[in-house]
Amino acid sequence: MAAIEEELTLLGSVGSPFVIKVEIALKLKGIEYKYVEEKLGNLSETLLNYNPIYRMVPVLVHKGKPISESRVILEYIDETWNQNPILSSDPYQRALDRFWSKFIDDKCVVPAAKTIFIPDEKEREKAIEELYEALQFLENELKDKFFGGDKIGFVDIAALFIPLFQEVAEKQLFTSDKFPKLHKWSQDFYNHPVVKETMPSKEQQFAYFKARAASLAAPSK
């Protein structure tokens, strides 16, 4: 990893997929940073001052200036540090990277979360149908080992939610029979050295989701 040349701090919570995305990007690019742990349900005044609108992690603080929202942070990182790019240099492909990243957040993460956290069986079944429809689009889009080609890129980092939900909640969201390319991709992604180094344990991730659900259920201050 490169030496720290500028003040760079990441405020996060262990197990947060949004924080994991940022950490993977920083490590892929060889950028050193200071990590500050935030406790869900009892966020620090520093975090609330840096992110008063969404009041959540991650927040990346660079030279005293905060950036929030994981997709925004990923783009900032890639534009600020040129080495080991995660976004394509081609404008059209870069636009596609952004499109598929948003597609994953909107069309995959939401129904995947519903399959785990919603108790109503009919609602879960509906969410599974929505998820399968979205996953089929990704299955068709995946042309190489990774969405970024032969190395992890912007869309791969966005898509970590898919194998993460499958791993942590032990839900068979997709199988090798139904989505063979995505299934192979998820194994390659999880076995990548940077991802393996960054990914918290199942217990830590499950604890995060449990705390996150509790914080959402608690009355806002």
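In this predicted model, helix H1 is followed by Gly30, a residue whose phi is positive, near 70°. The helix that ends ahead of this glycine makes a good starting point for a walk through the fold. H1 spans residues 17-28; its twelve residues reach 16 Å from the first C-alpha to the last, close to the 16 Å expected at 1.5 Å a residue. Eleven of the twelve residues are buried, so H1 is largely enclosed by the rest of the structure. The buried set takes in aliphatic side chains, including Val19, Ile20, Val22, Ile24, Leu26 and Leu28, and it also includes Lys21, Glu23 and Lys27. Pro17 and Ala25 are buried as well.

What does H1 lie across? The helix lies across strands S1, S2 and S3, and it runs at about 155° to S1. These strands belong to an open sheet of four, ordered S2-S1-S3-S4, with mixed pairing. Strand S2 (34-37) and S4 are the edge strands, each pairing on one side only. Neighbouring strands of the sheet are turned by 25° against each other on average, with direction ignored.

Within the sheet, S3 can be followed towards each of its partners in turn. Strand S1 (residues 8-12) is joined to S3 by four bridges, and the two run antiparallel. Leu10 has Leu60 of S3 as its bridge partner. On the S4 side, S3 (residues 59-62) and S4 (residues 65-68) also pair in the antiparallel sense, over four bridges. Here Leu60 stands opposite Ile67 in S4. Leu60 is thus a handy residue to locate when viewing the sheet, with Leu10 as its bridge partner in S1 and Ile67 opposite in S4. The hairpin of S3 and S4 has two residues between the strands, and in it Lys63 takes a positive phi near 55°.

Several backbone features deserve a friendly second look. Most residues other than glycine have a negative phi, and most peptide bonds are trans. Against that background, the loop between helix H2 (45-50) and S3 stands out. Arg55 lies in this loop, and its phi is near 55°, a positive value in a residue other than glycine. Arg55 is partly exposed, with a relative accessible area of 40%. Pro58 lies in the loop between H2 and S3 too, and the peptide bond leading to Pro58 from Val57 is cis, with omega near 0°. Beyond the hairpin, Glu69 is found in the loop between S4 and helix H3 (70-80). The phi of Glu69 is near 75°, again positive in a residue other than glycine, and Glu69 is partly exposed at a relative accessible area of 32%.

Further along the chain, how do H5 and H8 meet? The axes of helix H5 (residues 121-141) and helix H8 (residues 180-191) come within 8 Å and cross at roughly 80°. With 65 to 115 degrees counted as roughly perpendicular, H5 and H8 are therefore roughly perpendicular to each other. H5 contributes Leu135, Leu138, Glu139 and Asn140 to the contact, while H8 contributes Pro180, Lys181 and Leu182. By class, the contact of H5 with H8 holds four nonpolar, one polar and two charged residues.

Technical notes:
Residues are numbered from 1 along each chain as its sequence is written. Side-chain values use heavy atoms; hydrogens and water are left out. Axes are lines fitted to C-alpha atoms, for helices over the stretch in contact, and angles run from 0 to 180 degrees between N-to-C directions. Angles under 35 degrees count as roughly parallel, over 145 as roughly antiparallel, 65 to 115 as roughly perpendicular and the rest as oblique. Contact means heavy atoms within 4.5 Å. Ala, Val, Leu, Ile, Met, Phe, Trp, Tyr, Cys and Pro count as nonpolar, Asp, Glu, Lys and Arg as charged, and the others, Gly among them, as polar. Two strands pair if DSSP finds at least two bridges between them. The expected span of a helix is 1.5 Å times one less than its number of residues. Buried means under 20% relative accessible area, exposed over 50%, partly exposed in between (1.4 Å probe, protein chains only).
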